[in-house]
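Trainee: I am new to this structure and would love a guided tour. Please start with the overall picture and then go slowly over one part of it.

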Amino acid sequence: MTTLEIRDLHVSVETEAGPKPILKGVDLTVNSGETHALMGPNGSGKSTLAYSVAGHPKYTVTSGTVTLDGEDVLAMGVDERAQAGLFLAMQYPVEVPGVTVSNFLRSAKTAVDGEAPKLRHWVKDVKEAMTALRMDTSFAERNVNEGFSGGEKKRHEILQMELLQPKIAILDETDSGLDVDALKVVSEGVNRVKENTGLGVMLITHYTRILRYIQADQVHVFIEGRIAESGGRELADRLEEEGYDRYLTVQA
Ligand code: ADP
Ligand code: MG
Ligand code: MG
């Protein structure tokens, strides 16, 4: 069992005008096998939370803690966080010129495991994962993110997750820009990894649509830098009907 624990997290982002406080006391615990949906309006700080746990240099933790099985995540470098079992798709560069998907995945796997995967198993694993995600094998020879469509980027994200076998994954708007077919394939991928490895998931999303395909154990409403309410799946249905108005201090 693995536990990601976020306690009273305060984070500022570096802007030209100086540091701007964004996260204002986030508390969240994600255990192996659990899926937590984090929903909230644009600009509420959901991505800031993901970036902060990932160790993005632009985000400064001013107070609070993040631990993985008691280990201080905030003291770890970005690579160490991945080695500890955290999967954060955004930590990887947007485009990696001249590096094929195949080579990228293999070096990421080597970095996370501390040793190169055995070639024969690896080739088979990659092939199986790509087939499951309904990706053409020629995709492996393309350069990372170069000319990828929105759907290809998301599939590549889930492909990484399937192969790296993390303990806890943070998926930031994995559903945005996907048509229903792609959404199903991507969701099946997440469910497969959950089932096979007991992955814990923090699913950041703007829409309740993805929750039809990925079962969330808990839904959290993220407002103005903190969690305003937590509940079960019925909370997502309520959000779909009512929106976020009742949480906002200034009514729109
Ligand atoms: P969400 O993912 O919920 O839409 P974000 O975490 O992206 O929210 O943004 C939260 C707030 O922080 C917004 O007001 C946004 O403008 C601000 N912010 C985030 N990153 C930066 C940045 N690099 N520079 C300036 N402001 C930022
Ligand atoms: Mg946003
Ligand atoms: Mg965001």
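What share of the contacts in the protein chain, counting those with a separation of 6 or more, comes from residues 24 or more positions apart? After that, please take me closely through strand β3 (residues 35-39) and what surrounds it.

Mentor: Happy to. Keep in mind throughout that this is a predicted model. Residues 24 or more positions apart make up 71% of the contacts in the protein chain that have a separation of 6 or more. Let us set the scene before we zoom in. The protein chain contains 7 helices and 10 strands. Along the principal axes, its C-alpha atoms fill a box of roughly 55 × 40 × 40 Å. The radius of gyration is 18 Å, and because a compact globule of 252 residues would come near 18 Å, the value agrees with that picture. Of those 252 residues, 36% count as buried.

Now to your strand. Strand β3 covers residues 35-39, and 5 of its 5 residues are buried, so the strand is mostly covered, given that a residue is called buried when 20 or more other C-beta atoms lie within 10 Å of its own. In a regular strand the side chains alternate between the two faces of the sheet. You can follow this along β3: T35, A37 and M39 point one way, while H36 and L38 point the other way, and both sets are buried.

Next, look at the partners of β3. Strands of a sheet pair through backbone hydrogen bonds, either parallel or antiparallel. Strand β3 is joined by 5 bridges to strand β8 (residues 200-205), and the two run parallel. It is also joined to strand β9 (residues 218-223), here by 4 bridges, and again the strands run parallel. H36 is a handy marker for both pairings: its bridge partner in β8 is M202, and its bridge partner in β9 is Q218.

Stay with β9 for a moment, since F222 lies in that strand. F222 counts as buried because 23 other C-beta atoms lie within 10 Å of its own. Leaving aside residues up to four places away in sequence, F222 touches L38, M39, G40, S44, G45, K46 and I227. Two of the names on that list, L38 and M39, you have already met in β3. For a sense of distance, try R81: its C-alpha atom is separated from that of F222 by 24 Å, and the two residues are 141 apart along the chain.

Two other residues touched by F222, S44 and K46, lead us to ligand 1. Its shell has 13 residues, and the closest are G43, S44, K46, S47 and T48. At least two residues of the shell come from each of β1, β2 and α1 (46-54), with α1 giving the largest share, 3 residues. By type, the shell holds 2 nonpolar, 8 polar and 3 charged residues.

Since β1 and β2 both supply residues to that shell, their own sheet deserves a visit. It is an open sheet of 4 strands in the order β2-β1-β4-β5, with antiparallel pairing. At its edges are β2 (18-31) and β5 (71-72), each of which pairs on one side only. Strand β1 (residues 3-15) is linked to β2 by 11 bridges, and the two run antiparallel. Along that pairing, H10 of β1 faces K24 in β2.

Two aspartates in this region have backbone angles to look out for. D8 is in strand β1, and its phi is near 45 degrees, a positive value in a residue other than glycine. D8 counts as partly exposed because it has 13 C-beta neighbours inside 10 Å. D69 sits in the loop between β4 (59-68) and β5, and its phi, near 50 degrees, is also positive. With 14 C-beta neighbours inside 10 Å, D69 is therefore partly exposed too.

To finish, here is a helix to set beside your strand. Helix α5 (residues 150-164) reaches 21 Å from its first C-alpha to its last, close to the 21 Å expected for its 15 residues. Its buried residues include H156, I158, L159 and M161. The buried residues of α5 pack against β6 (86-88), α3 (101-113), α4 (119-132), β7 (168-172) and α6 (180-197). Just after this helix, Q165 takes a positive phi of about 50 degrees.

Conventions. Residues are numbered from 1 along each chain as its sequence is written. Chains are lettered from A and ligands numbered from 1 in the order in which they are written. This is a predicted model: local features need pLDDT of at least 70, side-chain atom pairs count only at pLDDT 80 or more; totals for chains, interfaces and linings use all residues. The radius of gyration is taken over C-alpha atoms; the globule rule is 2.2 Å times the number of residues to the power 0.38. A residue is buried if 20 or more other C-beta atoms lie within 10 Å of its own, exposed if 12 or fewer, and partly exposed in between; C-beta atoms are placed from the backbone. Two residues are in contact if their C-beta atoms, placed from the backbone, lie within 7 Å. Two strands pair if DSSP finds at least two bridges between them. The expected span of a helix is 1.5 Å times one less than its number of residues. A residue is near a molecule or strand if its C-beta atom, placed from the backbone, lies within 6 Å of it. Ala, Val, Leu, Ile, Met, Phe, Trp, Tyr, Cys and Pro count as nonpolar, Asp, Glu, Lys and Arg as charged, and the others, Gly among them, as polar.
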